[in-house]
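Work through the exercises below with the sequence and the model open side by side. Each task is followed by a solution that proceeds step by step.

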Amino acid sequence: MAKTPITVAYGDGIGPEIMAATLDIIQAAGAELAIEEIEIGEKVYLRGNSAGIDPSAWESLRRTKVFLKAPITTPQGGGFKSLNVTTRKMLGLFANVRPCNSYHPFVQTKHPVMDVVIVRENEEDLYAGIEHQQTDEVVQCLKLISRPGTEKIIRYAFEYARQYGRKKVTCFSKDNIMKLTDGLFHKMFDEIGAEYPDLEKEHWIVDIGAAKLADTPEAFDVIVMPNLYGDILSDVAAQIAGSVGLAGSANIGAGFAMFEAIHGSAPRRAGQNVANPSGLLLGAVQMLIHINQAPIAEKVHNAWLKTLEDGIHTYDVFDEAVSKQKVGTKEFAQAVIARLGQKPSKLKAVDYSKAVGKTIEVKLKPTPESKKELVGIDVFVSFKNRDANKLGEQIKNIKGGNMVFNMITNRGVKVYPDGFPETFCTDHWRCRFKNAELKPSSYADAMNIMKQVHDAGLEIIKTENLYTFNGEPGFSLGQGQ
Ligand code: NAD
C-alpha cells in the first residue's frame, strides 16, 4: 500500500506523550503513513504569533489535507486566537463528528448502553462571531444559517449513517421559536431525509431532545444539529458516556480533515507517563477510515476495546472493582499493540467493512432561485423612554410609497399598538413599516421612511429589509402579533 501523507502536531502538555503512543499503535497495526511534523500551540503563540500556527505549517496542511492534532495549551491572557476555530474556518471543516460510546462495565457510567454519534455543524450559526453593541442596554449576536451550509451537514449525517451501518438519524432544532433559521435546518432535514428511505428519521425540539439524550442515550443513534447545540451536547454526550478522556473527534471538510481528542493538554499531567492516549487514538481511528485504511482502523479499535476489557487502565479510568492493572501511557500503548488482531469478547467489536471515509462526498443541489420582492423595512431605533406609546405617537403616521407603519416591538414582543403595560421595554426598539398586502415597494421608499424617522429626532441603529420569496414572507411576525 502506498504511504498516505499526513500532517502531525505533537501539541503541548500531555500532547507529545499521547501522540507518540497513538502513532506507535497505529504504525504497529500497519498504517501506511508519510508523516510531516509541524509545530503549533504554546511555543508558537509565545514567539509572538497570535494565531499559534506558522505559515509553513499551513503549507504542510495544504499538501497533505489530513491533520492529526494533539491538544495544545492556549496561553493565559488576551490576544491569542483559538487555533481550533481558525483551523476549522480556514480549512472549511464543516462537520464535527464525535462518537460517544459507553464501555460498561469496564468504565463507570450511568448509561451502560450508549452508542451515539453527534454530527455538529461547525462553521455557521452564532459562531460567525458577528456581534454588536447597539444601545446602552442591548447587544446582539447574528445567527446565520445558510441553505448550502445546512444541506452539507445534513447530507453528511445521512451519508455517515449509511456507511457506518447506522439505523436512525435524529435532528435537534428549536424551530418552534426560530422558525426561519432553525426552521430551515429542520426543513432541509425533512427534504434530504426523504432521499434516504433506508434510514429512520426523527426530529426533536432541542430542549426536550437534550433532556432525553442525557436520560436515555440508548434511544439515539446519529444526531445532527446546528453549531451551538452541537457544541454543548457533544460534551454532555461524551461525559455521560463515561469520560471525556475517551472520546475522539473528526473535523471534516470538502478537501481537508482534522482528527483529535476532545480533551485538552492537561498540563498538570505532562511528562509523567500517566496520560490516557485513548481519545487521540480514537481520533486516529477515524483518520485511518478517512484515508481509506479502514481495515487498520478496525484492527486498532478492536485491540483497544480488548485492552479496556482486559482491565488494563490508565489512572483516569482505573477502578479497583473492575480494573486489573494500572498502567502509564507507554505501557497502555504496548498493551494495545500486544492485542492487535484480537477482538473484544464482552464489549461489541467494531466493523468498518462498509466504511470508506474519503468517499463521503457531499454534492450540493443548486439553490433554487425565487422571486424576491421588497415589501417593507424594520427600522431599529434607540429610545431611552420606556413608554412604547410615546414612540408610537412619534412614528405612527410615517409612510413611504405603499409601505406604512405596522407595529413596534421590544425584544421581539409587540408593544405598540395595543401593547401590554406589563411588558418591560429596553432602549432598543424595532419599528416595522410594510405593505399590508405584501405588495412590492422600492428601496427609495424605504430610505424615505428612514429619513422621516431620523427627522423625527430618533437614532436609527440599524435596519433590516423585509422581503417576500415567491410571495411568502421571509420575516417573522412580532410576538403577540
Ligand atoms: P483538560 O482536558 O486538559 O483537562 C481536564 C482534566 O482532565 C484534568 O484534570 C486532566 O488531568 C484530565 N485529563 C484530560 N485529558 C486527559 C488524559 N488524556 N488522560 C488523563 N487525564 C486527562 O482541560 P483544561 O485543564 O481545561 O485545559 C488545559 C489546556 O488545554 C488549556 O490551555 C486549554 O486551552 C487547552 N485545551 C485544548 C484543547 C485542544 O487543543 N483541542 C481542547 C480543550 C482545552
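**Exercise 1.** Determine which residue of β12 stands opposite F67, and place that pair within the sheet.

*Solution.* F67 stands opposite M258 in β12, where strands are DSSP runs of E with at least two residues, numbered from the N terminus. Strand β12 covers residues 257-261 and runs parallel to β3, to which four bridges join it; two strands count as paired if DSSP finds at least two bridges between them. The model is predicted, so that local features need pLDDT of at least 70 and side-chain atom pairs count only at pLDDT 80 or more, while totals for chains, interfaces and linings use all residues. Residues are numbered from 1 along each chain as its sequence is written, and side-chain values use heavy atoms, with hydrogens and water left out.

Turning to β1 (residues 4-9), one finds three bridges to β3, again with the strands parallel. T7 stands opposite F67, and A9 has K69 as its bridge partner.

**Exercise 2.** Are the two faces of β3 covered or open?

*Solution.* Strand β3 spans residues 66-69, with V66 and L68 on one side and F67 and K69 on the other. These residues are all buried, and both faces are therefore covered, buried meaning under 20% relative accessible area with a 1.4 Å probe and protein chains only.

**Exercise 3.** Give the strand order of the sheet and identify its edges.

*Solution.* The 10 strands form an open sheet of mixed pairing, in the order β2-β1-β3-β12-β11-β4-β5-β10-β8-β9. Its edge strands are β2 (33-38) and β9 (200-205), each of which pairs on one side only. From one strand to the next, the twist averages 20 degrees.

**Exercise 4.** Describe how α1 is placed against the sheet and against α11.

*Solution.* Helix α1 (residues 15-28) lies across β1, β2 and β3, at about 125 degrees to β3; angles run from 0 to 180 degrees between N-to-C directions, along axes fitted to C-alpha atoms, for helices over the stretch in contact. Helices are DSSP runs of H or I with at least four residues.

The axes of α1 and α11 (residues 329-338) come within 9 Å and cross at roughly 15 degrees. The two helices are therefore roughly parallel to each other, a term for angles under 35 degrees. In contact, that is, with heavy atoms within 4.5 Å, E17, I18, A21, D24, I25 and A28 of α1 meet T329, A333, V336 and I337 of α11.

Note on methods:
Buried < 20%, exposed > 50% of the residue type's maximum accessible area, 1.4 Å probe, protein only. Parallel < 35°, antiparallel > 145°, perpendicular 65-115°, else oblique.
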